[in-house]
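Subject: Structure handover

Hi,

Here is the structure I promised to pass on. Have a look at it first, and then read my notes underneath.

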Amino acid sequence: MSGVKRVFGTLLKRRERTLERTVVEIQRENEALRNELIRQYKPFIVKTVSSVCKRFIREEDDEASIGLIAFNEAIEKYALHKGGSFLSFAELLIKRRLIDYIRKEVRTREAIWHVEDEENGEQAAQTYVDAKLSVEEFYRQIEQEQRREEILHYQQVLKQFGIHFHDLVEQSPKHKDARLNAIRVAELLVANDEWLGILFRKKQLPIKQLETMASVSRKTIERNRKYIIAVAVILAGDYIYLKDYIKGVLSS
């Protein structure tokens, strides 16, 4: 049984590698391949959209169109060297764009409710309040799901560096100044395309270069290696909620 699992696991990895390479080929202006990939993954797009809307979505629905546009955006923005599978990145982007669309629709409906409130009095006002509370609860659930999706994607990328969340808990700098210095090192790293390439390609820090530019000792960089890498992955990636965490550390 374990042998069968290994075979299927190998086949899945080969398929994922082929998909990532296909996306890179499309980014080289292969439009025929782009159209074929979008056609092939329409069921994936519709399924992802339906999971956010909590109802069945047809291909002709507006929400499905938003999903298709987001999938195409994912093709344009995906960076192979930054790690993570294309499908997990595409799923993240589809859900994010769909939530933006839903919020815009809700704001439009709120404006209509407000007009009806003024025209119809107390009953309309109560309807508006109930609807607004329902929408706010929906937002809360969607944001929770988005945070979870970001963390899952982030964990997937960190595993390529041999880093797990419990490592960060145990090895994060304990003092505020040390954390701020580590974040500054990560910011320098992300700002340099050559160093960032070394990080994602070789899965290691360009310590010699960072030591010179950041005016931080090699020993300090090596001691905080996992934390610096973890922060750099966030800063280089498409992580809205996790970037807020970095901002919070810098402003605290």
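Below is what I found, going from the overall picture to single residues.

One thing up front: this is a predicted model, so please read everything here as computed from it.

**Overall picture**

The protein has 13 helices and zero strands. Reading from the N terminus, the order of elements is simply α-α-α-α-α-α-α-α-α-α-α-α-α. Of its 252 residues, 41% count as buried. If you take the contacts with a separation of 6 or more, 63% of them come from residues 24 or more positions apart. The accessible surface comes to about 15000 Å², and carbon and sulfur atoms account for 53% of that.

**Two helices I looked at in detail**

Helix 8 covers residues 176-191, which makes 16 residues. From first C-alpha to last it reaches 23 Å, close to the 22 Å expected at 1.5 Å a residue. Its buried residues include Leu180, Ala182, Ile183 and Val185, and Ala186, Leu189 and Val190 are buried as well.

Helix 12 runs over residues 225-236 and has twelve residues. Its first and last C-alpha atoms are 16 Å apart, close to the 16 Å expected at 1.5 Å a residue. This helix is mostly covered, with ten of the twelve residues buried. Among them are Tyr227, Ile228, Ile229, Val231, Val233 and Ile234, and Lys226 is on that list too.

Ser172 sits in the loop between helix 7 and helix 8. With a relative accessible area of 17%, Ser172 falls under the 20% cut-off and so counts as buried. Leaving aside residues up to four places away in sequence, Ser172 touches Asp167 and Tyr227, and Tyr227 is one of the buried residues of helix 12. As for helix 8, Ser172 and Ala182 are ten residues apart in sequence and 9.4 Å apart in space, C-alpha to C-alpha.

**Aromatic pairs**

How many aromatic pairs does the structure hold? The total is nine. One of them is formed by Phe44 and Phe71, which are edge-to-face at 6.4 Å centre to centre, with 65 degrees between the planes. Phe44 belongs to helix 3 (residues 42-53) and Phe71 to helix 4 (residues 62-77), so this pair ties together parts that are 27 residues apart in sequence. Both Phe44 and Phe71 are buried. They also belong to one aromatic cluster, made up of Tyr41, Phe44, Phe71, Tyr78, Phe86 and Phe89.

The other pair I want to point out is Phe161 with Phe200. Their ring centres are 5.9 Å apart and their planes stand at 70 degrees, so this pair is edge-to-face. It links distant parts of the chain, 39 residues apart: Phe161 is in the loop between helix 6 (122-159) and helix 7 (165-171), while Phe200 is in helix 9 (residues 193-202). Phe161 counts as buried at 8% relative accessibility, and Phe200 is buried too, at 3%.

Phe161 has another partner: the charged end of Lys203 sits over its ring, 5.5 Å from the centre.

**Two positive phi values**

Lys203 comes up again here, with phi near 60 degrees, a positive value in a residue other than glycine. Lys203 is in the loop between helix 9 and helix 10 (207-214), and it is partly exposed, with a relative accessible area of 29%.

Glu29 is also a residue other than glycine with a positive phi, near 75 degrees. Where is Glu29? You will find it in the loop between helix 1 (2-26) and helix 2 (31-40). Its relative accessibility is 63%, so Glu29 counts as exposed.

**What the UniProt record lists**

Two features come from an unreviewed UniProt entry. The record places a "short sequence motif: Polymerase core binding" at residues 62-75. In the model, the chain over residues 62-75 is 100% helix and 0% strand, and the end C-alpha atoms are 20 Å apart.

The record also lists a "DNA-binding region" at residues 207-226. Over residues 207-226 the chain is 80% helix and 0% strand, with the end C-alpha atoms 13 Å apart.

If you want a place to begin, try the ring of Phe161, with Phe200 paired to it and the charged end of Lys203 sitting over it.

Cheers

Conventions. Residues are numbered from 1 along each chain as its sequence is written. This is a predicted model: local features need pLDDT of at least 70, side-chain atom pairs count only at pLDDT 80 or more; totals for chains, interfaces and linings use all residues. Side-chain values use heavy atoms; hydrogens and water are left out. Helices (H or I, at least four residues) and strands (E, at least two) are DSSP runs, numbered from the N terminus. The expected span of a helix is 1.5 Å times one less than its number of residues. Buried means under 20% relative accessible area, exposed over 50%, partly exposed in between (1.4 Å probe, protein chains only). Rings of Phe, Tyr and Trp (its six-membered ring) pair if their centres lie within 6.5 Å; planes under 30 degrees apart count as stacked, over 60 as edge-to-face and the rest as tilted. A charge sits over a ring if NZ of Lys or CZ of Arg is within 6 Å of the ring centre and within 35 degrees of the ring normal. UniProt positions are given in the numbering used here, feature names are shortened, and annotations may be inferred rather than shown by experiment. Contact means heavy atoms within 4.5 Å. Accessible areas come from the Shrake-Rupley method with a 1.4 Å probe; for residues, only the protein chains shown count as cover.
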